[in-house]
2 protein chains.
Amino acid sequence: MPSNRRVRSAASSRSRRVPRNTLSRDRIVEAALALLDEDGFEAVTMPSLAKRLEVGTMSLYRHVADKDDLVDAVAERVLSGVAVPDGDADDWEGRVVGYLRALRDAALAHPALSRILSDRGLTVGPVFEQLEAVHAVLRAAGFSDLGAVRTFYTLLTYVFGFIVWELPRVHQQPAVAYTAAWNDALDQLDPTDYPSLHALRRQLGTTASSEQFEYGLQHLVSSLRPPG
Amino acid sequence: MPSNRRVRSAASSRSRRVPRNTLSRDRIVEAALALLDEDGFEAVTMPSLAKRLEVGTMSLYRHVADKDDLVDAVAERVLSGVAVPDGDADDWEGRVVGYLRALRDAALAHPALSRILSDRGLTVGPVFEQLEAVHAVLRAAGFSDLGAVRTFYTLLTYVFGFIVWELPRVHQQPAVAYTAAWNDALDQLDPTDYPSLHALRRQLGTTASSEQFEYGLQHLVSSLRPPG
DNA sequence: TACGTTAGCGTATGTTATACGCAAGTCGCG
DNA sequence: CGCGACTTGCGTATAACATACGCTAACGTA
């Protein structure tokens with residue numbers, strides 16, 4: 001249960017004051033993201049983050065309520081780059097799929113984000129905006145309110161599942177080496193107990209790929225057409 | 001990156017010896033599961049677990065390599081109850097859907113499992129067996145090897161995403177109160193910034209439901225028919 | 001009966017998040 | 001130009017955690 005507190009930005013007393021110096025919430029979030037990308041989620045600790053910023057540990061707490069708050073902020077920063085692409089008004093499929101791809105791409109750019117996303121789901125600030133936009137697109141395409149909700153929720157579920165699954169298995173660039181730990185597990189499957197899976201371990205190893213992503217996505221989208 | 005070490009069961013030196021007393025790996029896993037269900041994931045610590053078993057903390061390490069190892073074992077125990085249901089040979093949809101439902105039900109029985117699953121994905125012992133069986137069903141239904149893999153991977157992605165999303169939001173019985181923290185977040189959406197989402201917060205609140213689960217699942221399955 | 005093996009455990013270590021309060025710098029107002 | 005309030009950065013302290021290490025005592029076997 002991630003505590004949904006929004007204590008947030010202590011920088012909101014009325015007498016507006018220019019921060020004296022180097023440290024700021026943004027700089028902290030940025031550093032946390034860098035740390036996350038370089039050394040993974042468990043490397044993001046308050047001490048290590050402070051060390052990286054050449055600051056005392058407790059200084060961070062002036063700009064961040066909590067570690068939870070910090071992690072939220074990191075997720076927000078990453079996902080705030082995503083948007084529903086412009087496009088033909090009646091090409092709802094293209095626009096929605098474009099959005100979902102963008103979501104995946106954003107996540108792939110920061111593999112260690114997986115842990116964060118799976119804790120919080122996609123209950124992250126910017127995603128709400130995006131869903132608002134998606135909803136509009138679907139309504140315009142002829143979906144009912146409820147139909148639109150069901151539809152994008154279904155799609156989001158798929159994409160979310162795909163992301164959370166694949167991210168821990170990505171170590172390099174998006175197009176390169178998925179596979180790895182997952183492959184190892186597959187290779188160690190006993191051929192007698194798991195004949196099919198063992199024989200197919202090559203295929204299974206590449207399931208976390210753009211190709212598979214598109215496969216499921218296309219099937220799903222095509223089955224979710226508006227009633228009209 | 002959950003370290004994939006399988007150090008496992010130290011109880012494998014050749015001179016078979018009857019454990020002298022009360023403690024055993026099974027009892028530990030059982031207690032951990034109970035603790036998980038009662039007080040959530042973060043309550044499962046080695047000290048608290050030991051206290052519950054009325055045992056010293058370090059005693060646990062005689063039966064469990066790691067905390068990671070323990071958590072793996074818990075996941076295995078929960079998922080080992082799931083199976084592909086018997087059924088008509090050519091009713092692949094029914095059988096596969098039945099399996100996926102069973103998977104969700106198993107997870108719903110232990111809401112706090114979410115954290116564990118999202119870390120490990122479904123790379124948990126018993127799931128491999130189950131996939132082996134699912135693969136057989138799909139092959140028998142006319143899917144190619146690759147088609148079968150793509151198909152169940154797609155389905156699994158959806159189910160996995162759904163589960164990981166909904167579990168943290170379940171506090172009571174399966175049929176009763178999903179919604180809660182997620183609803184709170186929705187209620188706090190600014191009506192001017194998020195007109196549609198705000199208006200639809202009732203609908204959105206109940207998206208984590210069996211109905212929505214089936215909705216997506218049925219659409220997905222129907223779009224994934226075998227080539228023949 | 002004696003010995004090797006192993007279960008249970010006590011202690012110690014290193015790491016974490018974070019409460020609390022001090023000190024020094026900075027701004028706005030007089 | 002100066003003063004006082006508010007902030008920022010930080011040092012110290014606490015409590016919880018995972019876990020290395022090594023002791024002790026019970027047990028089965030020879």
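This report describes the fold of a predicted model, the way its chains A and B meet, and a few of its residues.

## The fold of chain A

Chain A has 11 helices and zero strands. Read from the N terminus, its elements therefore run as α repeated, α-α-α-α-α-α-α-α-α-α-α. Of the 228 residues in chain A, 42% count as buried. Contacts in chain A often join parts that are distant in sequence: among those between residues at least 6 apart, 66% join residues at least 24 apart.

In soluble globular proteins, nonpolar side chains tend to be buried together. The largest nonpolar core in this model has 126 residues. The residues with the most contacts inside this core are Ala32(A), Val74(A), Ala32(B) and Val74(B). If neighbours within four places in sequence are left aside, Ala32(A) is in contact with Val44(A), Leu49(A), Leu70(A) and Val74(A).

## How the two chains meet

45 residues of chain A are in contact with 45 residues of chain B. On the chain A side, the elements that give two or more residues are α6 (125-140), α7 (145-166), α8 (181-187), α9 (195-199), α10 (201-205) and α11 (210-223). The largest share of this side comes from α7(A), with 13 residues. Sorted by class, the side of chain A that touches chain B has 24 nonpolar, 17 polar and four charged residues.

Two copies of a chain are related by a rotation about an axis and a shift along it. Here, a turn of 180° and a shift of 0.0 Å along the axis lay chain A on chain B with an RMSD of 0.1 Å. This is the relation of a two-fold axis. The residue of chain A that comes closest to the rotation axis is Gly161(A), with its C-alpha at 1.7 Å. Of the interface residues of chain A, 100% are also interface residues in chain B, so the copies meet through the same surface.

## Two helices

The table sets α7(A) beside α6(B).

| Helix | Residues | Span, first to last C-alpha | Expected span |
|---|---|---|---|
| α7(A) | 22 residues | 31 Å | 32 Å |
| α6(B) | 16 residues | 24 Å | 22 Å |

For α7(A), the span is close to the value expected at 1.5 Å a residue, and the span of α6(B) is also close to its expected value. In α7(A), 19 of the 22 residues are buried, so this helix is largely enclosed by the rest of the structure.

Helix α6(B) has the buried residues Val127(B), Gln130(B), Leu131(B), Val134(B), His135(B), Val137(B) and Leu138(B). Seen down the axis of α6(B), these buried residues fall within an arc of 160°, so they line one face of the helix. An α-helix has 3.6 residues a turn, so residues three or four places apart point the same way. The cover over the buried residues of α6(B) includes α9 of chain A, together with α3, α4 (92-108) and α7 (145-166) of chain B. Just after α6(B), Gly142(B) takes a positive phi of about 105°.

## Single residues

Thr151(B) is found in helix α7 of chain B. Is Thr151(B) buried or exposed? Thr151(B) has 27 other C-beta atoms within 10 Å and is therefore buried. Not counting residues up to four places away in sequence, Thr151(B) touches Leu138(B), Phe143(B) and Leu224(B). The C-alpha atoms of Thr151(B) and Arg225(B) are separated by 8.8 Å, although the two residues are 74 residues apart along the chain.

Ala102(A) is found in helix α4 (residues 92-108) of chain A. With 17 C-beta neighbours inside 10 Å, Ala102(A) counts as partly exposed. Ala102(A) touches Val82(A) and Ala83(A), again not counting residues up to four places away in sequence. Ala102(A) and Glu76(A) are 26 residues apart in sequence, and their C-alpha atoms are 15 Å apart in space.

Most residues other than glycine have a negative phi. Glu54(A) has a positive phi, near 55°, and lies in the loop between α2 (46-52) and α3 (67-79) of chain A. Because Glu54(A) has 8 C-beta neighbours inside 10 Å, this residue counts as exposed. In chain B, the phi of Glu54(B) is near 55°, and the place of Glu54(B) is in the loop between α2 (46-52) and α3 (67-79) of that chain. Glu54(B) is exposed, with 8 other C-beta atoms within 10 Å.

Notes:
Residues are numbered from 1 along each chain as its sequence is written. Chains are lettered from A and ligands numbered from 1 in the order in which they are written. This is a predicted model: local features need pLDDT of at least 70, side-chain atom pairs count only at pLDDT 80 or more; totals for chains, interfaces and linings use all residues. Two residues are in contact if their C-beta atoms, placed from the backbone, lie within 7 Å. Helices (H or I, at least four residues) and strands (E, at least two) are DSSP runs, numbered from the N terminus. Ala, Val, Leu, Ile, Met, Phe, Trp, Tyr, Cys and Pro count as nonpolar, Asp, Glu, Lys and Arg as charged, and the others, Gly among them, as polar. Copies are superposed by least squares on the C-alpha atoms of residues with pLDDT of at least 70 in both. A residue is buried if 20 or more other C-beta atoms lie within 10 Å of its own, exposed if 12 or fewer, and partly exposed in between; C-beta atoms are placed from the backbone. The expected span of a helix is 1.5 Å times one less than its number of residues. A nonpolar core is a set of buried Ala, Val, Leu, Ile, Met, Phe, Trp, Tyr and Cys residues joined through C-beta atoms within 7 Å. The arc is that of the directions from the helix axis to the C-beta atoms.
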